[in-house]
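Hi,

Here is the structure I promised to pass on. Have a look at it first, and then read my notes below.

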Protein chains: 2
Amino acid sequence: MMRCLMAILGVALPMAAQVRWEQIRNAAQMPGNWLTFSGNTLGHRHSALTQLNKANAASIKPLWTYQIDKTDKFEASPVVVSGIMYVSEPPSDVTALEARTGRPLWRYRRVLPDGVRVCCGRVNRGVAVLGDKVYVATLDAHLVALDALTGNVAWDVEAAPYKSGNSMTVAPLAVKDKIVVGIAGGEFGIRGFLDAYDAKTGKRAWRFWTVPARGEPGTQTWEGDSYKYGSAATWVTGTYDPELNLVYWGTGNPGPDWNGETRTGDNLYSDSVIALDADTGKLKWYFQFTPHDIHDWDSTQVPVLVDLPFGGKPRKLMLFANRNAFYYVLDRVTGEYLLGKQYVRQTWAQASLDAKGRPTRLPNTEPTEKGTLVYPNSPGATNFYAPSYSPMTKLFYVNTRDEGGVFYSRRDEYKEGSWFLAGRFISKPGEEAKGAVKALEPATGNVKWEFPMYSPSWSGVLTTAGGLVFAGAHEGDFFALDDTTGKLLWRFPTGGRIFANPVSYLSEGMQQVAIAAGHAVFAFGLEGER
Amino acid sequence: MMRCLMAILGVALPMAAQVRWEQIRNAAQMPGNWLTFSGNTLGHRHSALTQLNKANAASIKPLWTYQIDKTDKFEASPVVVSGIMYVSEPPSDVTALEARTGRPLWRYRRVLPDGVRVCCGRVNRGVAVLGDKVYVATLDAHLVALDALTGNVAWDVEAAPYKSGNSMTVAPLAVKDKIVVGIAGGEFGIRGFLDAYDAKTGKRAWRFWTVPARGEPGTQTWEGDSYKYGSAATWVTGTYDPELNLVYWGTGNPGPDWNGETRTGDNLYSDSVIALDADTGKLKWYFQFTPHDIHDWDSTQVPVLVDLPFGGKPRKLMLFANRNAFYYVLDRVTGEYLLGKQYVRQTWAQASLDAKGRPTRLPNTEPTEKGTLVYPNSPGATNFYAPSYSPMTKLFYVNTRDEGGVFYSRRDEYKEGSWFLAGRFISKPGEEAKGAVKALEPATGNVKWEFPMYSPSWSGVLTTAGGLVFAGAHEGDFFALDDTTGKLLWRFPTGGRIFANPVSYLSEGMQQVAIAAGHAVFAFGLEGER
């Protein structure tokens, strides 16, 4: 920063703003901020901003970058309030940036204990904001509230013991006066849950166990003691319908991942979406996508909530592109299954789901000692990165993966805090994996267009009212597509792997789009600092 | 990279070009490439390109970034040949990038042994190119020749044993049919040298020891056995005058750094510039800037060679902004001292050098057990990063540092491969360090203008015929100044610390400026990939 500019910067320093729940609830109407993981509580990841649009997309340019001094995957989806961007960094850190310049305002550095266990990198996917606080979930399975103005710790509560393999990587979700947060650890045989904490005090308001205990409904879907290590983690941020007062959250694989012999049954509520009363955490309904999963197809995708006609009448829908290669439409009031349609190549189930949406497995698709080729592989047809719904086009956009896997099974004994996999997979040798951003018609699952990429990407998708679809390629290009045709309008080579989701917001009245790519946040727009 | 673009990329793939010595010798006349560390062998770091200029500087934007998966300091100055950028990465790796997109074409990954000793980070400052090869010096003190087209190792020679504290971080310099390369290790009591190797075979052509052995000229400047650990490393790329056939190279601190009691004498050729016959390595002349240095003021800056009037007649000059806070002008034919002028605050010597350019030390400026405050501190008034000379403005540009240090001394016994410091320094407590890019009139050392920065920067300076001065701030801004006024014309926040030098070249006919910042290379220009 040049000395001669410091005076200006001093004056222009943004103040951390109070974020009222009503603002979050109505976030779609106030697109200058990006207040939650998905932009609104409905999971749309859509910006109503139009400054960046099809006419000027070719002129988009980087405005600043913010680099981190870590080589772990940078999976954070930023949150932006009144010109301040809150971004979590690996492993469990938070930095507040001035959105105008990318300049750090404060940093929270989490000192993690030894012995934290993670399956897939020391990552974090973002923060929640509410009131005057920023909330981050940590790898040692704490939820921490930070003062939004200073980064000082307001409170810090342990959700679960990290020594048992519990960790937290999810971006929490603010719901009214609570912070909802999920757990990770599905590869260590944890018992999954979804928690809500009082935003002011950190006192736990409720917990929903995603694996029922003996005596509870659903327990009969677990053989013997297998429910004790049943996993069903909740490691990707869900959504919330304010009118129904329901929290929707996807759940992960049953444990162990690749061998179901010791857990005969459907293994509820693994690989499901659960609908919980936001005040009590009581289960309203659930829908299981992959009963008795043996391919590690966590259903930890974002449940996207839209109101659209279905079957000739308006319905409150949930759109869900699942890792198991099927796209689902559910009635989000009741959980009723409305549609299931294959959206990526798969070889594990009949192409038609049954009337309840249950898949019919094909023979000889189980993992074995010698290996079984199945499409898709364990990373699935999509994964943790976010889809988008545009109310402009009324299309659902998802970054898809097309790659087979050879699945192996073995026997693993559960041991607390240790890997509990009972198998493994390798991507199909010699095969070139494919990836594509696909635009689906919500009510039919028909693919309107697709934008093929050189390889499967781990980037989320953002749509904007300017008619743009932003996403990233695994090789590092961040790009914008025409939301009605899929035509490439712009791209920038970030030179880093992308494992994150784009967001959009205003900085001093000018639209920016930001994404974490490689080891940096890139902010893009038409015009930089004035 | 999008699948649909791959066909185009395939066709457009640049071919590694042969680099003839005549091209390097005349590099200033062929500004589409950037063929050596400093752009030409004279150390100008000036580009004759004019596409980026004062009129359009405000429209400069990043065209691509290339990120590295390392957190070490990224000190490389890229070399560019026919649209291929060769950039060294920490610790001793090389990547070839397509200058158009930043896409990697090949990578050379050096496997380093355990026990490599470095004072200041596992860094590398760049490569040399000649013929069909790329040359990199490694932390285990090898010089390695790589096939420019594939990155395959053509040859690999050990220059010195790394176990004794020898390492190589310097960008080698191609001189006719040889590769000249220096050594690092001044904090481990190595015996410094400058080497030249046959570019084709890797056979050593000559070595000049920067610390004379007993019986050789200059040996009387070392007390007792102290010459054996005399250091005088050669860790920053020097320059070459083709007409005089002289190689000029700066040398580092005498060992141990901060206590001269055991090495009474001037300690030649530490803290000097040496002029060597390029064919034989024989010493033509030397000039010592800081006799008997006790403040760690390595004279490893780039000796800048210009032909300008001095004292009323045209002279072959060397301009040298030294870490000791004095700016020097020497006759580069003879080594004659012509001018010495303080260009940054200093408190260690009288403001006037004597007639031979020798400083007169002020009393009570030696490091002591209790600490002595001296300006500048050990990083000095400038450091390893490069200055620039513009033949357009006939000004010399250097990034300067203004910070005091408290210097402590102790006794250290030399032990092979161990730290040999005999003291330490800390920056002056409570003081805000300052930094500035300064434009000096070469013949007088008068400051024409200065551009103050918030803190001292470790960025080199590039000038262009478009009238721009490119440099970076420590906080991460990369910027362009007006070369005649120092006015800020443009800046981009890279979000990373800058420890590197900018370069400029053409990619498909369009001018780019590139710099390593943080953990990425940024390429800037007006228009991206077509």
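Over how many bridges do strand β26 and β27 of chain B pair, and in which sense, parallel or antiparallel? The answer is five bridges, in the antiparallel sense, with β26(B) covering residues 405-409. Two strands count as paired if DSSP finds at least two bridges between them, and the elements themselves are DSSP runs numbered from the N terminus: helices are H or I with at least four residues, strands are E with at least two.

Before I go on, the housekeeping. This is a predicted model, where local features need pLDDT of at least 70 and side-chain atom pairs count only at pLDDT 80 or more, while totals for chains, interfaces and linings use all residues. Residues are numbered from 1 along each chain as its sequence is written, chains are lettered from A and ligands numbered from 1 in the order in which they are written, and side-chain values use heavy atoms, with hydrogens and water left out.

Back to that sheet. It is an open one of three strands in chain B, in the order β23-β26-β27, with antiparallel pairing. β23 (372-374) and β27 (423-427) are the edge strands, each pairing on one side only. From one strand to the next the twist averages 30 degrees (axes are lines fitted to C-alpha atoms, and angles run from 0 to 180 degrees between N-to-C directions). Within the β26-β27 pair, Gly405(B) stands opposite Ser427(B).

Now the two chains. Chain B superposes on chain A by a rotation of 180 degrees with 0.0 Å of shift along the axis, RMSD 0.0 Å (a least-squares fit on the C-alpha atoms of residues with pLDDT of at least 70 in both). That is the relation of a two-fold axis. The same surface serves both copies, as 100% of the contact residues of chain B recur in chain A.

At the interface, 42 residues of chain B are in contact with 42 of chain A (contact means heavy atoms within 4.5 Å). About 3,300 Å² is buried between them, 55% of it from carbon and sulfur atoms; that is the accessible area (1.4 Å probe) that the two parts lose on being put together, summed over both. The rule finds zero salt bridges across this interface, a salt bridge being a side-chain nitrogen of Lys or Arg within 4 Å of a carboxyl oxygen of Asp or Glu. On the side of chain B that touches chain A, β2(B) gives the most, with seven residues.

Over all chains, the structure holds 64 salt bridges. One of them joins Glu89(A) and Lys70(A), with the closest N and O atoms 2.8 Å apart. Glu89(A) is in strand β4 (84-89) and Lys70(A) in the loop between β2 (61-67) and β3 (79-81), so the pair ties together parts that are 19 residues apart in sequence.

A few backbone oddities are worth a look too. Most residues other than glycine have a negative phi, and most peptide bonds are trans. Ser82(B), however, has a positive phi of about 50 degrees, and it lies in the loop between β3 (79-81) and β4 (84-89) of chain B. A cis peptide bond joins Tyr375(B) and Pro376(B), with omega about -5 degrees; Pro376(B) lies in the loop between β23 and β24 (388-390). In chain A, Gly255(A) and Pro256(A) are also joined by a cis bond.

Cheers
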